[in-house]
Every structure is written in structure tokens, then in C-alpha cells.
Amino acid sequence: MLPYTKTVLRNGTRLILVPMEGVNSIATAVMVGVGSRYETTKINGISHFLEHMVFKGTEKYPTTDDVNTIERAGGLQNAYTDIDVTNYHNKVLSEDWLLALDINKELALNPRLPEAWVNKERDVILEEMKRYEDEPANKVEEIYHSLLYPHTKLGMRIIGEEASLRCVGANELRNYHTQWYAPERMVIMLAGAIGSQSNNITEQVTEWFGALPKKKTRNIDVVTPSQTKPQLAVVTKRDAAQAHLIIGLRAYQRDSEDRFAWGLFNLIMGVSFTSRLFKEIREKRGLCYHVRSGSSAYHDVGSWDIYAGVATDKVEEATKAIIGELVRAKAGGITEDELTVARKRLKTMLAFRSEDPEFWTEWYGRTELFGMPLMTLADYIKKIDAVSVPAINALITKYFKTESLNMSLVWSKPRDEKLLTLLSL
């Protein structure tokens with residue numbers, strides 16, 4: 001028996017329920033398949049702007065105080081905008097699921113978008129943008145992403161640009177909402193102490209979402225990388241007390257079977273105290289406080305990257321050391337013991353996370369929204385158990401290529417071309 005139920009309404013809206021034993025809470029979410037890569041340069045940032053604005057009031061909850069009823073009921077309320085998804089999510093006691101889902105629904109379907117609030121909220125977002133500009137660790141991720149996908153919608157900033165935000169008014173927000181918040185782009189998620197409420201939830205979701213008219217929306221612009229040599233992007237911040245760098249490679253797209261083996265390799269290389277990068281870059285060499293690796297995968301492309309914050313005068317040494325670890329992995333691969341430890345770590349991490357209902361709204365919600373087959377945790381673990389040392393070593397050979405190396409850097413100095421010459425495997 002599957003640990004979830006899935007219902008598809010006639011207009012394409014999908015509902016997924018994940019009952020959980022031993023919890024008293026329910027996580028609710030309305031996920032919409034739209035984000036920054038669906039925008040144009042003229043209105044870049046509008047997805048995020050819209051997510052902000054819906055909290056200023058809806059038809060049923062006309063003020064911010066009304067929308068914040070969830071907090072007055074003791075629940076958790078939030079939303080986020082990503083490159084290809086916008087998510088309105090709450091977490092409440094099981095008895096309050098109807099209120100939580102009602103507010104999710106109102107935010108997604110019935111925002112008022114009052115003109116009087118648009119300019120005020122634009123100023124708020126511009127201040128948020130300034131905060132990001134003052135955070136080198138965030139800035140280096142932005143320029144790395146733009147370096148990978150230049151002159152594409154995928155490469156645009158989620159928060160937008162100041163010029164594009166100033167082009168967005170109430171009419172643009174309404175038109176964008178009408179265009180993209182279509183039923184076939186929505187996934188409704190509830191996970192937690194559902195108990196005997198499944199039928200009630202399904203009936204309520206059908207009432208609220210089932211009559212929405214279908215809309216024809218266009219597909220994303222597919223990105224086809226054409227990189228033939230290493231690339232370096234540098235932002236100089238004279239007041240930066242530390243250098244923040246990312247070194248990475250192009251990797252697999254979201255639905256690739258490679259993701260199972262690579263998830264284990266990523267743990268081996270750059271997640272927490274047992275990783276190779278932590279041992280070499282921090283413990284042995286003392287070059288940084290924080291070093292980590294991670295993947296970003298989309299419908300059409302993906303990457304794997306390493307982040308570190310180091311002293312400005314140690315950037316060259318750190319770059320050599322990180323590249324050295326990549327060369328070592330490419331030449332010698334991983335060991336059976338490393339794989340055993342990584343497999344145990346991943347299973348434990350998933351066990352811990354799966355105790356939280358919000359984990360399941362993300363796990364199944366994103367998978368469904370992105371058009372991938374729903375995979376249970378048990379099936380995922382079978383995939384992990386099937387990964388072998390030769391399989392991981394084959395992927396290292398597949399992706400560790402000099403021509404796909406990229407580096408971004410935020411520091412207090414101007415661009416140093418010598419760093420580019422270090423990018424070689």
C-alpha cells in the first residue's frame with residue numbers, strides 16, 4: 001500500500017495526501033509551477049514580488065492581520081519563490097487544517113493586490129536586494145548561477161533587478177497572476193495527522209479548486225550549455241573582510257538516474273565533518289571555517305559546486321587545494337568504506353527529516369509539480385542501496401571535465417587571471 005493518495009481533478013489540479021502516525025500536526029501547501037525562469041527581463045522578479053504582495057490581503061482575508069490568522073492560531077506560516085516553483089505553506093495542529101488550507105488557497109487564488117501597497121512593498125524588496133548585495137556568501141551564488149546560464153531566463157535573479165522591479169505595478173502583477181496561476185500548474189499537499197479526514201479534505205479541495213478554468217501556458221525556454229573552457233566571474237567588494245568562492249562543474253538534469261549515486265558522492269566529498277573537503281580544506285590546511293558541496297538540478301541542466309569562505313590572501317591556495325581534491329577523486333575514485341558510511345548517513349538524514357510533515361509536502365509536492373514519477377522513501381532507499389563504487393567512479397569520470405569547470409569569487413581585490421589558469425582537471 002502506498003504511503004500517499006493522489007487525486008487529479010478534472011481541470012488538472014492535483015491533490016496529494018500523506019497520512020502520518022504519531023504526529024499531532026498537519027503541513028499544508030499550495031505549490032504553483034512558476035518562478036523566475038518563466039519571466040522576461042522586463043519584469044524579472046515579478047514572481048517573488050507577487051509572493052510578497054499576496055500577504056497584503058485576499059478576498060476572504062482582506063488585510064495582513066487577517067492573513068496572519070495562522071500565527072494567532074499558533075501555527076507556522078510562510079512562502080517562498082524559487083526558479084521554477086512558488087510555494088505557499090503552513091503547519092498547524094491537526095484540528096486547524098481547514099484554516100491553514102483556506103489561507104493557502106486564498107493566497108494562491110484570490111490576492112487583492114491593492115495598488116496602495118505595491119510601491120511600499122517594492123521598497124521592501126529593494127531593501128531585501130540591498131541586504132543580499134551586502135552578503136557575499138549570497139552574492140557569490142548569484143554570480144555563479146549567472147555564469148552557468150548567461151543570457152537565459154534560467155540565469156536571471158529570483159529577486160529581479162532594480163530596473164525590472166520598477167516596471168512592475170498592480171496591473172502587471174494581476175496579469176502575471178492570471179496568466180500563470182493555472183489549475184494544471186498547481187499541486188495541493190497535506191501531510192501529517194490526517195486520520196479520518198481524507199474524504200473531507202478531498203471534498204473541500206474539489207470545491208475550492210475544481211471549478212477553476214484551464215489555461216494554456218507556454219513551456220520554459222530550454223537551456224543548452226555550450227561551454228568549451230573554464231570560466232571565472234569576479235565581483236569586487238572593497239569592504240569584504242573575507243573571500244567567498246564557488247568552484248563547480250556541470251552535471252545532470254533533475255530526473256537523471258545519476259542523482260542517486262551522486263547524492264552519496266556529494267556526502268563523501270563535501271557534507272559535514274566526515275567529508276573529504278572538510279578534512280583537507282578546513283582540518284588539515286586551516287583555510288576556512290565553512291566548506292560544503294551541493295547540487296542544483298533543473299528540467300534541462302544541472303551543476304555540482306563547492307563553496308568556501310577563506311581569507312583573501314588564501315584564495316589561490318584554497319583554489320589549488322579544492323582542485324587537488326577533485327583531481328584526487330578523478331584519479332582514484334572513492335572507497336568501499338566511504339560508500340558504506342555515506343549510505344548510512346543518507347538513510348539516517350532521511351529518517352530524521354521524514355518525521356516532519358513539511359518534509360513530505362516538499363518531497364512529493366515538488367516531484368509531482370516537476371512531472372516526475374512519485375517515489376516512496378522505501379523505493380528511494382532501494383536506489384541508494386543499489387549504488388556501487390564502480391557506479392560512482394564512472395560518474396566522476398563522466399562529469400569531472402576541465403572544460404566544464406566554473407568559478408565565481410566575491411572579494412576585495414580586482415579580477416586575478418591567474419585563478420583561471422588553476423581551473424584544470
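1. Leu 113 is a buried residue of this predicted model, with a relative accessible area of 2%. Since burial is called at under 20% relative accessible area, Leu 113 meets that criterion. Its place is the loop between helix 4 (97–109) and helix 5. The backbone of Leu 113 also deserves attention: phi is positive, about 50°, although the residue is not a glycine. For background, most residues other than glycine have a negative phi.

2. His 151 offers a second example of a positive phi in a residue other than glycine, with a value near 60°. This residue is found in the loop between helix 6 and helix 7. Is His 151 buried or exposed? His 151 is exposed, with a relative accessible area of 84%. A student comparing the two loops should therefore note that Leu 113 is buried, whereas His 151 is exposed.

3. Helix 5, which comprises residues 115–133, has 19 residues. From its first C-alpha to its last, helix 5 reaches 28 Å, close to the 27 Å expected at 1.5 Å a residue. The buried residues of this helix are Val 118, Glu 121, Arg 122, Ile 125, Leu 126, Glu 128, Met 129 and Tyr 132. They lie on the same side of helix 5 because they cover an arc of only 160° around the axis. On the other side of the helix, Ala 116 and Lys 120 are exposed.

4. What covers the buried residues of helix 5? The covering elements include helix 1 (46–53), helix 6 (136–148), helix 7 (162–165) and helix 8 (170–180). The reader may find it useful to display these helices together with the buried residues listed in the previous point.

5. Glu 106 has its place in helix 4. Although its side chain is of the charged class, Glu 106 is buried, with a relative accessible area of 3%. Leaving aside neighbours within four places in sequence, Glu 106 is in contact with Thr 58, Glu 59, Lys 60, Tyr 61 and Pro 111.

6. Helix 11 covers residues 276–284, and its buried residues are Arg 276, Leu 277, Phe 278, Glu 280 and Ile 281. These residues pack against both helices and strands: helix 10 (258–270), helix 12 (315–332) and helix 13 (336–353), together with strand 9 (288–297) and strand 10 (302–310). Just after helix 11, Gly 286 takes a positive phi of about 65°.

7. Val 389 is found in helix 16 (residues 389–399). Val 389 is buried, with a relative accessible area of 12%. Not counting residues up to four places away in sequence, Val 389 touches Ile 334, Thr 335, Glu 336 and Leu 339. The C-alpha atoms of Val 389 and Asp 337 are separated by 9.6 Å, while the two residues stand 52 residues apart along the chain.

8. The second largest pocket has a volume of about 390 Å³. Of the 17 residues that line this pocket, the closest to its centre are Tyr 38, Ile 220, His 299, Leu 369 and Phe 370. By class, the lining has six nonpolar, four polar and seven charged residues.

Key. Residues are numbered from 1 along each chain as its sequence is written. This is a predicted model: local features need pLDDT of at least 70, side-chain atom pairs count only at pLDDT 80 or more; totals for chains, interfaces and linings use all residues. Side-chain values use heavy atoms; hydrogens and water are left out. Helices (H or I, at least four residues) and strands (E, at least two) are DSSP runs, numbered from the N terminus. The expected span of a helix is 1.5 Å times one less than its number of residues. Buried means under 20% relative accessible area, exposed over 50%, partly exposed in between (1.4 Å probe, protein chains only). The arc is that of the directions from the helix axis to the C-beta atoms. Contact means heavy atoms within 4.5 Å. On a 1 Å grid over the protein atoms alone, a cavity is a set of points where a 1.4 Å probe fits but cannot get out, and a pocket is an open set with protein on both sides within 12 Å along at least five of seven lines; lining residues have an atom within 4 Å of a point. Grid points are joined across faces, edges and corners, and a volume is the space filled by probe spheres set on the points.
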